[in-house]
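Visitor: I would like a close look at a single part of this protein, with its surroundings described residue by residue. Please take one part as the centre and then connect it to what lies around it.

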Amino acid sequence: MREPQGVVGIESNNYATSPPQALLERLKDYGQEDAFALWDELSPEERDLLVKEIENLDLPRIDRIIRCSVQSQGLPAAAIEPVPESSVSTVEERTLEQRERWWKMGLKAISDGKLAVLLLSGGQGTRLGSSDPKGCFNIGLPSGKSLFQLQAERILCVQRLAAQATSEASAGSMQIHWYIMTSPFTDDATRKFFESHKFFGLEADQVTFFQQGTIPCVSKDGRFIMETPYKVSKAPDGNGGVYSALKSSRLLEDMATRGIKYLDCYGVDNALVRVADPTFLGYFIDKGVAAAAKVVRKAYPQEKVGVFVRRGKGGPLTVVEYSELDSSLASAINQQTGRLRFCWSNVCLHMFSLDFLNQVANGLEKDSIYHLAEKKIPSIHGHTMGLKLEQFIFDAFPYAPSTALFEVTREEEFAPVKNANGSNFDTPDSARLLVLRLHSRWVVAAGGFLTHSVPLYATGVEVSPLCSYAGENLEAICRGRTFHAPCEISF
């Protein structure tokens with residue numbers, strides 16, 4: 001039998017009959033000794049696996065997270081107030097002059113190498129009927145491109161625009177670094193997908209993959225749930241795990257070394273995401289804030305979306321889930337603007353300064369408060385009800401000394417891909433139509449014509465991100481030309 005690794009002062013002969021004493025004592029310190037309950041029934045190999053499993057857990061940290069998270073449940077929170085108007089740039093109030101100024105400011109910062117892109121891509125496409133990483137999904141566009149490819153090509157396009165805006169000479173050397181957070185379930189498949197597609201035209205060394213952490217699932221009394229007699233049941237620590245993952249993998253230091261000052265952070269499952277958006281970056285720099293978020297206007301009072309609020313008088317902006325907003329607050333109207341008082345939906349499109357990300361990683365680790373989700377957990381007794389512990393990307397906002405919101409329209413920037421075709425909303429089909437409709441409007445605005453053999457509301461054209469980032473520079477390709485929908489327009 002192999003020697004147990006890393007357990008000091010344990011004789012291998014009594015290791016066969018009873019659990020390593022030092023490890024058992026450590027588990028008892030944290031009330032988790034039940035992890036060894038089925039020791040007598042395990043084979044030598046299984047005992048070895050269980051010992052390694054427990055040794056690899058950071059027990060003091062996990063215990064602190066469980067205790068702090070359970071204790072914070074039900075604590076009174078400060079009353080919520082609407083986001084002040086001064087914190088939001090709305091679509092209708094934004095002038096052409098502002099948009100152009102922010103676009104140029106953003107392109108300048110990008111050409112100076114100050115922006116990196118941070119992709120949250122830990123999820124599998126389970127609800128889409130696929131075990132592949134969500135980013136590998138092809139939503140059925142004429143080009144057949146995956147979400148990963150659409151996003152990579154938008155980065156290539158912004159690099160080119162930034163190089164052209166500053167000096168033609170630097171066009172080849174200007175790179176936006178892309179940090180991609182995977183999970184243990186998607187990491188290998190994501191890396192292989194990028195490699196097999198030659199990184200979609202990006203340089204391999206401008207893409208960095210890193211994994212979010214996992215955390216044990218626990219019973220309601222805080223004890224580890226065992227998935228098998230020799231394996232603790234674990235789950236990814238939520239998209240907010242990005243902060244501790246960036247810190248533990250020393251990528252915050254890597255960013256500083258590269259001269260990166262700003263991080264554009266987004267979720268993988270949005271087919272219209274404007275990755276590395278120069279206008280949003282220019283707005284962020286102009287406002288001088290620590291954090292910013294793109295928001296869309298809530299479609300109707302009971303829409304199941306999290307919204308930005310202010311927590312307490314003069315307090316920080318933060319996100320509350322739709323389940324936390326009672327129906328009278330959700331329906332309340334702001335008499336001055338005619339909008340809902342709580343109308344700014346969070347769509348996981350964020351901008352952070354690198355300095356702020358360092359603060360958040362330290363603050364979240366110190367406070368150790370995770371969200372508890374009651375879920376069915378795989379266990380030795382079949383699926384059992386237990387708690388998953390997660391952090392969310394928006395958990396950063398309460399730490400921000402200043403936050404600005406930037407309204408965008410759904411039709412231009414939000415096409416979520418969450419549910420399988422046949423569901424009522426957020427499907428590959430609904431996202432594909434949003435892309436085709438937007439791009440059809442671009443082509444017509446650039447002087448092009450469309451023909452179609454099915455009704456236009458059910459089809460459209462796709463503009464390759466390599467041709468145009470947001471509808472610009474299409475006149476030379478489109479003016480006076482007729483395109484038969486559906487088709488892809490590329491160089």
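Guide: Lys198 sits in the loop between helix H7 (residues 187-196) and strand S5, and in this predicted model its phi is positive, about 50°, although the residue is not a glycine. Phe200 belongs to the loop between H7 and S5 as well, and Phe200, again not a glycine, has a positive phi of about 55°. In accessibility the two can be set side by side: Lys198 counts as exposed, at 68% relative accessibility, whereas Phe200 is buried, with a relative accessible area of 8%.

The strand at the end of this loop, S5, covers residues 207-211 and includes Thr208. Thr208 has a relative accessible area of 17% and is therefore buried, the cut-off being under 20%. Its side chain makes a polar contact, at 2.7 Å, with the side chain of His177. Leaving out residues up to four places away in sequence, Thr208 touches Trp178, Tyr179 and Ile180 as well as His177, and also Leu251 and Arg258.

Elsewhere in the chain, helix H5 (residues 96-111) can be followed in similar detail. H5 has 16 residues and reaches 22 Å from its first C-alpha to its last, close to the 22 Å expected at 1.5 Å a residue. Its buried residues are Trp102, Gly106, Leu107, Ala109, Ile110 and Ser111, and these pack against strands S2, S3 (115-120), S10 (262-267) and S17 (403-407) and against helices H6 (147-166) and H10. After H5 comes Gly113, whose phi is positive, near 75°.

Two packed helices are described by the angle between their axes and the distance between the axes. For H5 and H10 (residues 278-287) the angle is about 90° and the axes are 6 Å apart, and the two helices are therefore roughly perpendicular to each other. On the H5 side, the residues that meet H10 include Arg99, Trp102, Trp103, Met105, Gly106 and Leu107, while those on the H10 side include Pro278, Leu281, Gly282, Tyr283 and Ile285. By class, the residues of this contact of H5 with H10 divide into ten nonpolar, three polar and three charged.

With H6, H5 packs at an angle of about 100°, the axes being 9 Å apart, which makes H5 roughly perpendicular to H6. Here Trp103, Leu107, Ile110 and Ser111 in H5 meet Val158, Leu161, Ala162, Ala165 and Thr166 in H6, and the contact of H5 with H6 has seven nonpolar residues, two polar ones and no charged ones. Trp103 and Leu107 are listed in the contact with H10 and in the contact with H6.

Strand S2, against which buried residues of H5 pack, spans residues 88-89 and contains Ser89. Ser89 is buried, with a relative accessible area of 10%. Apart from its neighbours within four places in sequence, Ser89 is in contact with Arg94, Trp102, Tyr283, Leu405, Phe406 and Glu407; of these, Trp102 is one of the buried residues of H5, and Tyr283 is one of the H10 residues that meet H5. Ser89 and Asp34, by contrast, are 55 residues apart in sequence and 54 Å apart in space, C-alpha to C-alpha.

A further backbone detail concerns another loop, between strand S20 (482-485) and strand S21 (487-489), where Pro486 is placed. Pro486 is joined to Ala485 by a cis peptide bond, with omega about 0°.

Methods
Residues numbered from 1 in each chain as written. Predicted model: local features only at pLDDT ≥ 70, side-chain atom pairs only at ≥ 80, totals over all residues. Heavy atoms only, no water. Helix = DSSP H or I, 4+ residues; strand = E, 2+ residues; numbered from the N terminus. Buried < 20%, exposed > 50% of the residue type's maximum accessible area, 1.4 Å probe, protein only. Contact = heavy atoms within 4.5 Å. Axes fitted to C-alpha atoms, helices over the stretch in contact; angles between N-to-C directions. Parallel < 35°, antiparallel > 145°, perpendicular 65-115°, else oblique. Nonpolar A, V, L, I, M, F, W, Y, C, P; charged D, E, K, R; others polar. Polar contact = N/O pair within 3.5 Å; in protein donor to acceptor, adjacent residues only side chain to side chain. Expected span 1.5 Å × (residues − 1).
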